[in-house]
Amino acid sequence: MRPGAPPGAGLAADLAGSPDLEPDPAGWTGLDQRGVPVAGVLTTVTVAVLGATAVVVVAAREPELAGPVALWTLAVSLLLVGFAVATSYARWRCSRYRVTADRVELRTGVIVRRARSMAIERVRTVDVAAGPVLRAFGLVTLRVGTGQQRGRGEATLRLRPVERMEADRLRTLLLDRMRSAGGPPAGPADGRIAELDPRWLRYGVLTAATPLFGIAVLAVVLALVDRPLGPLLRVAPPAARIVLVVLGILLAGTVVAFLVYAETWSGFRLDREPGGTLRVRRGVLTTRSISLEERRLTGVELVEPLGVRLAGAARVDAVASGLLVGSGTESTEHRTLLPTAPRRLAERVAAVILGESRSPTAAALRPHPPAARRRRLRRAALVVTPPVVVLVAAGVVTGTLWPVLVAVVLAAVGAPVGAAIALDTYRGLGHAVVGGYLVVRAGSLRRSTVALHLDGVIGWTVRQTILQRRNGLVTLGATTAAGRGAFHAHDVDGREALRLAGEATPSLLAPFLVSGPVPGPVPRAAGDQPRVAVSGRQQDQPGAEEGRDAGEAVERQQVEQHQLADRCRHQDRTRRP
């Protein structure tokens with residue numbers, strides 16, 4: 001770039017330059033050349049595992065075809081490895097990045113060239129990850145993310161691979177410039193907050209994924225060794241076969257779940273670094289380092305799946321802007337600040353993260369009305385009853401006994417289990433305003449307790465179905481720019497929902513509660529009661545002036561913003577001479 005040229009001139013000139021993209025004085029840096037052999041090793045290992053599996057399966061079923069299949073597998077593997085190496089070399093030759101005073105820029109592409117630029121002030125996360133092969137070469141992957149609610153594409157710049165020391169230098173540089181662009185740091189350094197206790201590994205098997213792991217492993221094993229195990233299973237009694245399969249699923253699932261948890265969270269450390277940054281480091285084969293600025297933190301979420309909750313444990317997730325959002329594994333692990341650990345420790349860690357003496361998630365919450373319990377019991381009955389009716393009808397029509405017996409067993413087991421889950425779900429409902437936080441809790445199979453800072457609440461949504469309307473219940477949602485975008489208190493009494501919203505954010509709700517004349521085609525009589533503005537209509541509410549703060553009105557639907565504007569325009573017209 002020429003001295004004195006505008007900032008964009010260097011990028012345009014470089015894009016129009018030579019195709020080999022040699023280093024230039026504009027500050028562009030190439031990715032590490034060792035990424036080429038890394039691609040070769042990764043591809044070789046992948047095709048070797050897949051090829052060996054294919055050969056073993058064929059040899060077990062058709063031994064005479066094992067030789068030709070092995071030769072074809074070798075030839076295809078060599079072609080794939082060569083293609084991967086050539087593609088990686090071309091990508092390395094055409095990839096450059098640089099960090100300027102106010103931007104991060106990356107250009108990639110072999111056939112289609114791409115130039116991407118990200119403002120430093122929009123950077124929210126700087127994460128470092130490295131798999132076993134990258135670590136063997138001393139390389140890592142650096143991800144620079146923005147505050148958009150996406151984890152890939154335009155929201156993330158990925159530098160892969162770069163040398164570990166270079167990644168640490170870039171991470172420190174970007175975090176320093178992020179703080180400079182975003183104002184003063186959130187707080188002083190506080191050192192180590194938590195680290196992994198080996199006893200936590202036992203919680204890794206108390207998840208719903210454990211039986212799924214077991215089924216997958218058992219299916220693969222039976223497919224590979226069908227000949228020796230198949231005859232043994234066939235001659236065994238049906239009851240013995242069921243017991244063996246269940247034990248195999250549990251054993252295999254437990255081993256796999258334990259190994260997955262150990263690989264993911266071994267070496268876990270949660271630190272508060274200078275400048276108000278939370279840093280999570282974890283992993284054995286694939287190491288990760290995730291940084292989160294505390295000023296982006298809006299709250300925490302205590303997550304308790306059923307098995308983990310029965311063991312007295314919980315997980316702590318961050319509610320913050322700029323993190324991956326979704327239900328995938330990567331999204332969950334990206335926002336997790338503390339893996340599954342004893343609940344008391346999780347609450348202490350949440351308190352330290354929020355800077356409070358006691359975690360808001362440990363406070364006593366207000367229960368929901370009995371109508372919410374009845375709704376959950378009805379849902380459980382609707383889940384169990386239809387299959388029982390269908391099975392009984394099938395038995396009556398066909399004249400066979402076994403469908404009726406299955407229906408009896410299903411009713412005898414499903415009814416109490418469904419009722420227990422329904423009651424547990426009801427007991428899990430709760431809400432409160434604790435200090436400066438809105439706390440809501442819900443769920444049974446996956447119980448979630450969210451503590452959201454009141455400054456992070458930017459709006460409210462009130463949703464009411466036909467069945468809820470019959471029971472006087474609503475679902476109150478607090479909208480926020482962080483996390484999933486909204487957190488809900490389900491099946492709350494209508495008056496209690498309005499009181500909760502008014503207590504949490506009185507200035508946000510007060511403009512929608514009025515006691516003066518309401519504009520409209522029909523004038524209000526002198527003896528009429530004050531009214532409360534709601535979506536689509538006005539309702540007479542005695543004592544609405546007093547209920548402005550106490551929340552005595554019932555808001556049936558989501559309040560629409562244009563009503564307030566219409567009312568203000570009407571008042572302006574009435575005041576004019």
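User: How do you know that the span of helix α2 (residues 35–61) agrees with 1.5 Å a residue?

Analyst: In this predicted model, the expected span is 1.5 Å times one less than the number of residues, so the 27 residues of helix α2 should span 39 Å, and its end C-alpha atoms are indeed 39 Å apart, which agrees.

User: Which residues of α2 are called buried, and what covers them?

Analyst: Buried means under 20% relative accessible area, and the residues of α2 that fall in this class are Gly35, Val36, Val38, Ala39, Gly40, Thr43, Val47 and Gly51. Their cover includes α3 (66–93), α4 (132–136), β6 (139–146) and β7 (156–163).

User: What makes β19 (residues 473–480) and β20 a pair?

Analyst: Two strands pair if there are at least two bridges between them; β19 and β20 have 6 bridges, in the antiparallel sense, and therefore count as a pair by that cut-off. Within these strands, Leu476 stands opposite Ala489 in β20.

User: Why are β18 (457–463) and β20 (486–493) called edge strands?

Analyst: The open sheet has 3 strands in the order β18-β19-β20, with antiparallel pairing, and β18 and β20 each pair on one side only, which is what the name edge strand refers to. Neighbouring strands of this sheet are turned by 20 degrees against each other on average, direction ignored.

User: Which strands of the sheet do helices α12 (residues 370–398) and α15 (residues 494–504) meet?

Analyst: Helix α12 packs on the sheet and touches β19 and β20, its direction making about 100 degrees with that of β20, whereas helix α15 lies across β18, β19 and β20 and runs at about 140 degrees to β20.

Methods:
Residues numbered from 1 in each chain as written. Predicted model: local features only at pLDDT ≥ 70, side-chain atom pairs only at ≥ 80, totals over all residues. Heavy atoms only, no water. Helix = DSSP H or I, 4+ residues; strand = E, 2+ residues; numbered from the N terminus. Axes fitted to C-alpha atoms, helices over the stretch in contact; angles between N-to-C directions. Contact = heavy atoms within 4.5 Å. Buried < 20%, exposed > 50% of the residue type's maximum accessible area, 1.4 Å probe, protein only.
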